[in-house]
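Subject: Structure handover

Dear colleague,

I am passing on the structure we spoke about, with the sequence alongside, so that you can open both while you read. My notes come after it, and I would be glad if you could go through them with the model on screen.

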Amino acid sequence: EKKEITAKEVFEELLIYIKSHNKNINAYISIIDTFEEKGSLLKGLPIAVKDNIMLKGTKTTCASKMLSNFESIYDATVIEKLKLAGANFIGKTNMDEFAMGSSCETSYFGPVRNPWDKQRVSGGSSGGSAASVASGLAIASLGSDTGGSIRQPASFCGVVGLKPTYGRVSRYGLVAFASSLDQIGPITRDVKDACLLLGIISGFDPKDSTSINVDVPNYTEFLSQDLKGIKIGVYEAALKSVSEDIAQSIENAIDTYKKLGAQIENVDLPHIKYSISDYYILACAEASSNLARFDGVKYGYRANGQTLEEMYVNTRTEGFGAEVKRRIMLGTYVLSSGYYDAYYIRSLRLRNLIKMDFDKAFSKVDAIILPTTPTDAFKIGEVTKPLDMYLSDTFTIPANLAGLPAISVPCGFSKNHLPLGLQILSNAFREDILLKVAYAFE
Ligand code: GLN
């Protein structure tokens with residue numbers, strides 16, 4: 001006889017499992033053990049939340065010493081929406097400090113381990129959110145994505161990660177990294193779960209001035225195996241720049257799409273080769289401004305000092321890790337009066353050219369496929385140069401610069417037997433097409 005498992009049983013089992021296994025993965029920074037009976041849609045199912053999203057009653061540390069004791073003072077809009085939809089929360093997940101990184105190695109709480117090979121990184125910055133879902137320590141989670149932080153760890157951990165269109169999901173209650181690029185999105189085991197969570201967290205929010213008032217469709221309605229009439233763009237130059245196994249996984253995806261009835265076309269994106277340079281100027285500029293608030297007065301950690309100035313300096317020297325400091329320095333440099341025009345303004349112009357490349361491509365095709373990452377999950381400690389780390393985001397950053405939605409779905413394994421991700425992009429606010437194309441592949 002079949003017996004239905006209740007949400008409470010799921011929650012309790014999950015807690016036991018987390019308590020025994022989290023130490024191997026280090027996916028969680030804090031665990032929540034209060035279950036509430038809930039009626040609506042999610043029926044009390046527990047969600048894991050990246051530790052840069054405010055959830056009242058928990059700490060929001062951003063995996064930084066600076067906020068290691070910071071209590072969330074309110075619920076982010078995405079949390080409010082999930083609560084209304086009947087969610088519980090099981091924990092706050094580990095990440096790169098202030099979401100700056102691609103490996104979770106910059107966390108003040110130690111690196112997240114990849115469940116497929118614990119000597120390897122989970123990816124980042126939402127590595128805890130991806131690893132928790134991949135290892136069965138969570139059913140679904142929320143991450144944030146500024147330049148790939150949902151999709152890249154999802155790819156490294158073999159799960160689904162979705163970055164929505166900029167403005168689709170409210171950023172209210174997300175600790176800002178680069179405000180013109182940040183979006184919250186779901187990390188899930190499959191595309192259907194991604195549809196469900198995206199539907200819940202999307203929608204206009206007057207508390208976020210960049211939130212956009214467009215209808216939120218019921219994404220699950222569009223799912224089907226039939227892709228007749230759908231045009232998928234391939235950017236061939238990307239396939240030439242990656243290792244053979246990754247190129248092969250994309251070739252296989254192209255074959256699958258042909259079988260599903262989609263039409264394949266080449267697209268040209270002449271400016272995306274400049275995406276990394278562009279992003280690291282713009283993201284650092286915005287970060288240097290956003291992180292100015294952590295001065296020992298208003299939030300979190302405060303160091304000693306004889307004068308106010310000394311207290312500021314000591315707080316920021318002791319409270320931030322090396323990568324965060326590097327970005328603040330880069331950011332203030334490109335915004336300084338002597339370099340603003342040469343770097344910041346030019347980067348804004350370049351961002352527009354990248355957006356125009358996509359506009360042109362999406363006048364011809366419905367979706368574009370790319371690898372999610374140029375490599376599989378690397379070993380912990382293996383990538384030591386910041387610039388090499390930044391290259392992990394080669395294929396994910398363009399979607400953030402252009403504000404487009406993008407998803408990573410598992411697409412096989414590398415020669416090291418590690419998961420690989422297929423990245424799909426669609427035009428702005430066409431998550432319906434994006435999810436349809438992702439679902440058919442899965
Ligand atoms: N890895 C990229 C960076 O370090 C992206 C981070 C993110 O998306 N939050 O900036």
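Below is what was found, from the domains down to single residues.

Please bear in mind throughout that this is a predicted model.

Domains

The domain assignment divides out two parts of the chain, with domain 1 covering 7–221 and domain 2 covering 277–341. The C-alpha centres of domain 1 and domain 2 are 25 Å apart, and the contact between them involves 21 residues of domain 1 and 17 residues of domain 2. On the side of domain 1 that touches domain 2, the residues fall into 10 nonpolar, 9 polar and 2 charged.

The ligand

Around the ligand there are 13 residues, and those that come nearest are Ala99, Ser102, Thr146, Gly147 and Ser149. Sorted by class, the shell around the ligand holds 4 nonpolar, 7 polar and 2 charged residues.

Helix packing

Helix H8, which spans residues 275–290, appears in two of the packings described here, and I take its partners in turn. With helix H10 (residues 322–335), H8 packs at an angle of about 100°, the two axes being 7 Å apart. An angle of that kind lies between 65 and 115 degrees, and H8 is therefore roughly perpendicular to H10. From H8, the residues Ile281, Cys284, Ala285, Ala287 and Ser288 take part, and they meet Arg327, Ile328, Leu330, Gly331, Thr332, Val334 and Leu335 of H10. The contact of H8 with H10 is made up of 8 nonpolar residues, 3 polar residues and 1 charged residue.

The other partner is helix H11 (residues 340–362), whose axis comes within 9 Å of that of H8 and crosses it at roughly 125°. This angle makes H8 oblique to H11, and H8 passes H11 in a left-handed crossing. Here Ser275, Asp278, Ile281, Leu282 and Ala285 of H8 meet Tyr343, Tyr344, Ser347, Leu350, Arg351 and Ile354 of H11, and by class this contact has 7 nonpolar, 2 polar and 2 charged residues. If you colour the residues of H8 by partner, you will find Ile281 and Ala285 in the contact with H10 and again in the contact with H11.

Elsewhere, helix H5 (residues 191–201) packs with helix H14 (residues 431–441) at an angle of about 160°, with 9 Å between their axes. Because that angle is over 145 degrees, H5 and H14 are roughly antiparallel to each other. H5 passes H14 in a left-handed crossing, and the contact is made by Val191, Ala194, Cys195 and Leu198 of H5 together with Glu431, Leu435, Ala438 and Tyr439 of H14. Of the residues in this contact, 7 are nonpolar and 1 is charged, with no polar residue among them.

Backbone details

Two places in the backbone deserve a look. A cis peptide bond joins glycine 124 and serine 125, with omega at about 10°, and serine 125 is placed in the loop between strand S5 (117–121) and helix H3 (127–134). Cysteine 62, although not a glycine, has a positive phi of about 55°, and this cysteine 62 is found in the loop between strand S2 (46–50) and helix H2 (77–84).

With best wishes

Definitions and conventions: Residues are numbered from 1 along each chain as its sequence is written. This is a predicted model: local features need pLDDT of at least 70, side-chain atom pairs count only at pLDDT 80 or more; totals for chains, interfaces and linings use all residues. Axes are lines fitted to C-alpha atoms, for helices over the stretch in contact, and angles run from 0 to 180 degrees between N-to-C directions. Helices (H or I, at least four residues) and strands (E, at least two) are DSSP runs, numbered from the N terminus. Angles under 35 degrees count as roughly parallel, over 145 as roughly antiparallel, 65 to 115 as roughly perpendicular and the rest as oblique. A crossing is left-handed if the near helix is turned anticlockwise from the far one by less than a right angle, and right-handed if clockwise. Two residues are in contact if their C-beta atoms, placed from the backbone, lie within 7 Å. Ala, Val, Leu, Ile, Met, Phe, Trp, Tyr, Cys and Pro count as nonpolar, Asp, Glu, Lys and Arg as charged, and the others, Gly among them, as polar. A residue is near a molecule or strand if its C-beta atom, placed from the backbone, lies within 6 Å of it. Domain bounds come from an automatic or database domain assignment.
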